[in-house]
Amino acid sequence: MNKISDYFSEELNRYKFSALLVFCFVITLLAWQSDDSYHAYIMAKNLVEGNGFVYNIGQRATASTCPLYTLVVAAGYFVIRDMFFVSLLINIMFSASAFKILIWDYCKTKKQIIFSTLILIGSVSFVSYTTSGLENSMLFFLGACFMKLYLSHEYYDGREMLLLALTVSLIAMTRMDTVLIFVPMALYVYLFRRDGVSFVKAVGLGVLGLLPFVLWELFSTFYYGFPFPNTAYAKLGTDFPLSDYIIRGIKYYLNAAVCDPILLVVILFAFLAAVSVKKPQYIICMSGPVIYGLYLIYIGGDFMMGRHFTLMFFISLICYMDIKNREFSELGKGASFHRYFVGFASAALIFTCTSHVISDQFLFGGAIGSPVSDERAGYFTTASLFNNVYSLVTTGELCIQNTWNDEGVEELRDNNMTGGILTSVPGITKYYNNDLYLNDLYALGDPYLAHLPAVKESGWRIGHMWREAPVGYMNLVRYNWGTGAIKNDDARMYYEIIDRITRAPLFDKERIKAVIDINLGRYDYLVEGYKSSLDENGRIIEDENGTDDSIAGFYGPW
């Protein structure tokens with residue numbers, strides 16, 4: 001009997017190892033870099049080269065939503081000074097490790113191994129963000145680690161509770177808003193599933209586990225002047241009606257349903273399975289994706305097809321496989337439910353493989369430049385691992401540098417300027433021109449414009465809400481003029497405060513006072529005052545000041 005058991009165990013392990021090889025082959029073959037990832041790479045490179053953990057040298061501002069991931073990339077770059085390859089290596093390692101946890105811990109049969117592997121590699125979005133250079137791969141790994149801790153016990157001792165809180169802390173440092181998926185599970189454990197741990201001790205363990213995130217928030221507030229990434233202020237502090245965000249959030253779901261339906265199928269069936277078995281542990285587990293799903297609607301979704309569904313999708317698959325193995329039997333309870341799941345999942349995968357000719361033509365569909373786009377399809381030609389290796393072998397250079405033209409940057413250099421505010425500064429362009437101070441009207445790396453109202457236009461794209469720069473601001477940046485270049489009094493005083501926070505010595509008393517005051521809202525009146533010079537759509541109302549720095553090639557959105 002032992003020999004038979006060992007044989008089947010060895011055979012199962014061979015299937016698992018083969019699945020891991022297939023998964024790694026697929027994600028490596030389709031590996032790519034998104035332009036947005038280079039905003040984090042710039043900060044990683046600046047840190048390693050001694051220029052500070054900043055986006056533009058000399059100004060303490062962040063253009064990264066993922067500080068922990070950016071630090072990991074910086075560590076990799078410190079060892080291997082090739083950002084393109086080392087970042088993709090990190091992505092592949094994180095994604096492969098997450099996949100290994102799913103297959104080794106939650107797939108008990110050959111059918112489950114094949115099923116889970118096909119589900120994952122059949123999702124266009126999931127495969128895209130196993131690499132991409134963004135923080136998703138690290139979230140997959142940390143999310144898998146959390147689920148392994150959470151689903152391994154009915155009750156939790158002090159050590160296990162501490163590890164759960166620490167994992168939540170690391171997830172928050174990787175991308176703050178994704179903790180919404182995991183907080184319900186952590187609270188459930190801390191409130192109702194303690195094993196011999198008093199409430200007071202549980203609070204202490206929770207605080208200790210969350211300490212890395214708390215320390216990061218204190219550092220961020222002190223160093224940058226703000227507790228949240230600059231990108232959060234740029235994307236959410238627009239003054240646009242909530243209804244506009246909700247409409248775009250719903251379109252984000254429609255896009256996923258049409259372009260990558262397996263994402264929603266897995267989340268839905270995992271939720272239904274959790275409800276059907278009526279176990280609080282599973283219901284709480286799936287309440288996280290529900291909360292995060294509502295949050296996605298609230299923030300308007302994203303412009304990257306399926307990206308913010310991928311973590312929910314992966315966590316839901318782990319939860320479902322655990323339910324399948326513990327609560328469902330092959331022929332009895334849950335057997336018909338699983339058959340329905342397999343049927344819907346198969347239909348979704350077939351639809352994805354055959355429908356892109358149709359789906360790209362929807363107004364919310366996946367073509368590059370549309371409200372929601374398949375970013376990998378758009379960038380693959382110049383930003384994929386395959387094409388860059390081919391380019392390196394045939395020409396000696398990476399082709400990713402050719403993703404964007406440098407027309408605006410060349411204009412700055414031709415005029416001997418040290419920097420400027422351009423129409424748009426893609427992350428890749430900024431990375432290869434890091435000697436210049438570069439920001440754009442989308443304000444992802446501009447701590448001043450990010451806090452001003454955005455221009456509202458019909459068809460505005462989530463994550464791409466541009467600001468009309470106060471008159472004189474662009475000349476100030478371009479020619480190093482003093483703050484007097486900014487014509488509007490409120491806008492000028494607000495800039496002086498931001499400048500003090502982001503450029504004055506860290507321990508300067510006036511700077512520290514400004515950091516405290518701005519986070520308490522004591523300078524909001526300046527932004528409100530500046531709004532009076534704008535029309536209802538955020539455009540500057542022309543007056544005798546004119547728009548003297550609206551120079552062609554530098555100003556206005558694409």
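These legends describe close-up views of a predicted model.

**View 1. A nonpolar patch on the surface.** Eight residues are labelled here: Val183, Leu187, Leu191, Phe192, Phe199, Val200, Val203 and Val207. Together they expose about 760 Å² of accessible area. Two helices, H9 (179-192) and H10 (199-209), each supply at least two residues of the patch. Valine 183 sits in helix H9. Its relative accessible area is 32%, so valine 183 is partly exposed. Phenylalanine 192, another patch member, has a relative accessible area of 55% and is exposed.

**View 2. Tyrosine 190 in helix H9.** Is tyrosine 190 buried or exposed? Tyrosine 190 is buried, because its relative accessible area of 12% is under the 20% limit. Beyond its neighbours within four places in sequence, tyrosine 190 is in contact with Met161, Leu162, Ala165, Ala202, Leu205 and Gly206. One link is polar: the tyrosine 190 side chain reaches the backbone oxygen of methionine 161 at 2.6 Å. Threonine 423 lies elsewhere in the chain, 233 residues from tyrosine 190 in sequence. The C-alpha atoms of these two residues are separated by 49 Å.

**View 3. An aromatic pair in helix H9.** The whole structure holds 42 aromatic pairs. One of them joins tyrosine 188 and phenylalanine 192. Their ring centres are 6.3 Å apart and their planes meet at 50°, so the pair is tilted. The two residues are four apart in helix H9, and therefore about one helical turn separates them. Tyrosine 188 counts as buried, at 9% relative accessibility. Phenylalanine 192 is exposed, at 55%.

**View 4. A tilted pair in helix H11.** Tryptophan 216 and phenylalanine 219 form this aromatic pair. Centre to centre, the rings are 5.4 Å apart. The angle between the planes is 40°. Both residues belong to helix H11 (residues 211-223), where they are three residues apart, or about one helical turn. Tryptophan 216 counts as buried, with 14% relative accessibility. Phenylalanine 219 is partly exposed, with a relative accessible area of 34%.

**View 5. An aromatic cluster.** Which residues form this one cluster? The members are Phe115, Phe269, Tyr320, Phe328, Phe337, Phe341 and Phe344.

**View 6. Threonine 502 in helix H24.** Helix H24 spans residues 489-503. Threonine 502 counts as buried, with a relative accessibility of 0%. What does the threonine 502 side chain reach at 2.8 Å? The partner is the backbone oxygen of isoleucine 498. Leaving out residues up to four places away in sequence, threonine 502 touches Gly58, Gln59, Arg60, Tyr224 and Pro447.

**View 7. Positive phi at aspartate 239.** Most residues other than glycine have a negative phi. Aspartate 239 has a positive phi of about 75°, although it is not a glycine. Where does aspartate 239 lie? It is in the loop between helix H12 (230-236) and helix H13 (242-259). Aspartate 239 counts as exposed, at 53% relative accessibility.

**View 8. Positive phi at alanine 443.** Alanine 443 is a residue other than glycine, and its phi is near 70°. The loop that holds alanine 443 runs between strand S2 (437-440) and helix H23 (473-479). Alanine 443 counts as buried, with 0% relative accessibility.

Technical notes
Residues are numbered from 1 along each chain as its sequence is written. This is a predicted model: local features need pLDDT of at least 70, side-chain atom pairs count only at pLDDT 80 or more; totals for chains, interfaces and linings use all residues. Side-chain values use heavy atoms; hydrogens and water are left out. Patches are made of residues with over 30% relative accessible area and no salt bridge: like charges are joined within 9 Å, nonpolar side chains (Val, Leu, Ile, Met, Phe, Trp, Tyr) within 5 Å. Accessible areas come from the Shrake-Rupley method with a 1.4 Å probe; for residues, only the protein chains shown count as cover. A salt bridge is a side-chain nitrogen of Lys or Arg within 4 Å of a carboxyl oxygen of Asp or Glu. Buried means under 20% relative accessible area, exposed over 50%, partly exposed in between (1.4 Å probe, protein chains only). Contact means heavy atoms within 4.5 Å. A polar contact is a pair of N or O atoms within 3.5 Å; within protein, one must be able to donate a hydrogen and the other to accept it, and residues adjacent in sequence count only if both atoms are side-chain atoms. Rings of Phe, Tyr and Trp (its six-membered ring) pair if their centres lie within 6.5 Å; planes under 30 degrees apart count as stacked, over 60 as edge-to-face and the rest as tilted.
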